[in-house]
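Hi,

Here is the structure I promised to pass on to you. Have a look at it first, and then read on for my notes.

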Amino acid sequence: MNLNAPTQLIFIISLVIAIIGLLAALGVFAFIPLAAVWIVLIAYIVLAGGCLVRGA
């Protein structure tokens with residue numbers, strides 16, 4: 001299995017999702033119904049998917 005660097009768009013998307021998760025953990029976004037750990041996990045899955053799929 002070859003790993004590739006994620007595109008800049010995928011990296012920025014995962015970074016934004018991770019920042020939203022961090023802010024949710026700090027209580028800034030109390031209206032988000034998911035726990036902060038799940039939001040950060042989604043960000044990691046997006047980033048890992050970007051590394052696994054070529055050209056994503």
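Below is what I found, going from the overall picture to single residues.

**Overall**

Please keep in mind that this is a predicted model. The protein has two helices and zero strands. Along the principal axes, its C-alpha atoms fill a box of roughly 40 × 20 × 15 Å. Of its 56 residues, 14% count as buried. If you take the contacts between residues at least 6 apart in sequence, 63% of them join residues at least 24 apart.

**Helix 1**

Helix 1 covers residues 8-25 and has 18 residues. From its first C-alpha to its last it reaches 26 Å, close to the 26 Å expected at 1.5 Å a residue. Its buried residues are I10, S14, G21 and A24. Around the axis these cover an arc of only 75 degrees, so they sit on the same side of helix 1. Helix 2 is part of what covers them. On the face turned away from this buried side you will find the exposed residues Q8, L9 and L22.

After helix 1 comes G27, and its phi is positive, near 90 degrees.

**Helix 2**

Helix 2 runs over residues 36-52, which makes 17 residues. How well does its span agree with 1.5 Å a residue? The expected value is 24 Å, and the end C-alpha atoms are 24 Å apart, so the two agree. In helix 2, the buried residues are A36, I39, A43 and G50. Looking down the axis of helix 2, you see these buried residues within an arc of 70 degrees, and therefore they line one face of the helix. Their cover includes helix 1. The face of helix 2 turned away from the buried side carries V37, W38, Y44 and I45, which are exposed. That face therefore has residues with over 50% relative accessible area.

**How the helices pack**

Two packed helices are described by the angle between their axes and the distance between the axes. Here, helix 1 and helix 2 pack at an angle of about 170 degrees, and their axes are 8 Å apart. Angles over 145 degrees count as roughly antiparallel, and so helix 1 is roughly antiparallel to helix 2. On the side of helix 1, the contact is made by I10, F11, I13, S14, I17, A18, I20, G21, L22, A24 and A25. Helix 2 contributes A36, I39, V40, I42, A43, V46, L47 and G50.

S14 is a good residue to click on if you want to see this contact in detail. S14 belongs to helix 1. Is S14 buried or exposed? Its relative accessible area is 4%, under the 20% cut-off, so S14 counts as buried. Leaving aside residues up to four places away in sequence, S14 touches A43, V46 and L47.

**The aromatic pair**

A pair of aromatic rings is described by the distance of the centres and the angle of the planes. The structure holds one aromatic pair. F29 and F31 form this pair, with 5.6 Å from centre to centre and 65 degrees between the planes. The cut-off for edge-to-face is over 60 degrees, so the pair is edge-to-face. As for accessibility, F29 counts as partly exposed because its value is 25%, whereas F31 is exposed, at 66%.

**Two more residues to look at**

N2 lies in the segment before helix 1. With a relative accessible area of 60%, N2 is exposed. Which residues does N2 touch, not counting residues up to four places away in sequence? They are C51 and L52. N2 and I12 are 10 residues apart along the chain, and their C-alpha atoms are separated by 22 Å.

A48 lies in helix 2. A48 counts as partly exposed because its relative accessibility is 27%, which falls between the limits of 20% and 50%. A48 and I32 are 16 residues apart in sequence, and from C-alpha to C-alpha they are 23 Å apart in space.

That is everything from my side. Happy browsing, and do write back with any questions.

Best wishes

How values were computed. Residues numbered from 1 in each chain as written. Predicted model: local features only at pLDDT ≥ 70, side-chain atom pairs only at ≥ 80, totals over all residues. Heavy atoms only, no water. Helix = DSSP H or I, 4+ residues; strand = E, 2+ residues; numbered from the N terminus. Expected span 1.5 Å × (residues − 1). Buried < 20%, exposed > 50% of the residue type's maximum accessible area, 1.4 Å probe, protein only. Arc of directions from axis to C-beta. Contact = heavy atoms within 4.5 Å. Phe/Tyr/Trp six-rings, centres within 6.5 Å; stacked < 30°, edge-to-face > 60°. Axes fitted to C-alpha atoms, helices over the stretch in contact; angles between N-to-C directions. Parallel < 35°, antiparallel > 145°, perpendicular 65-115°, else oblique.
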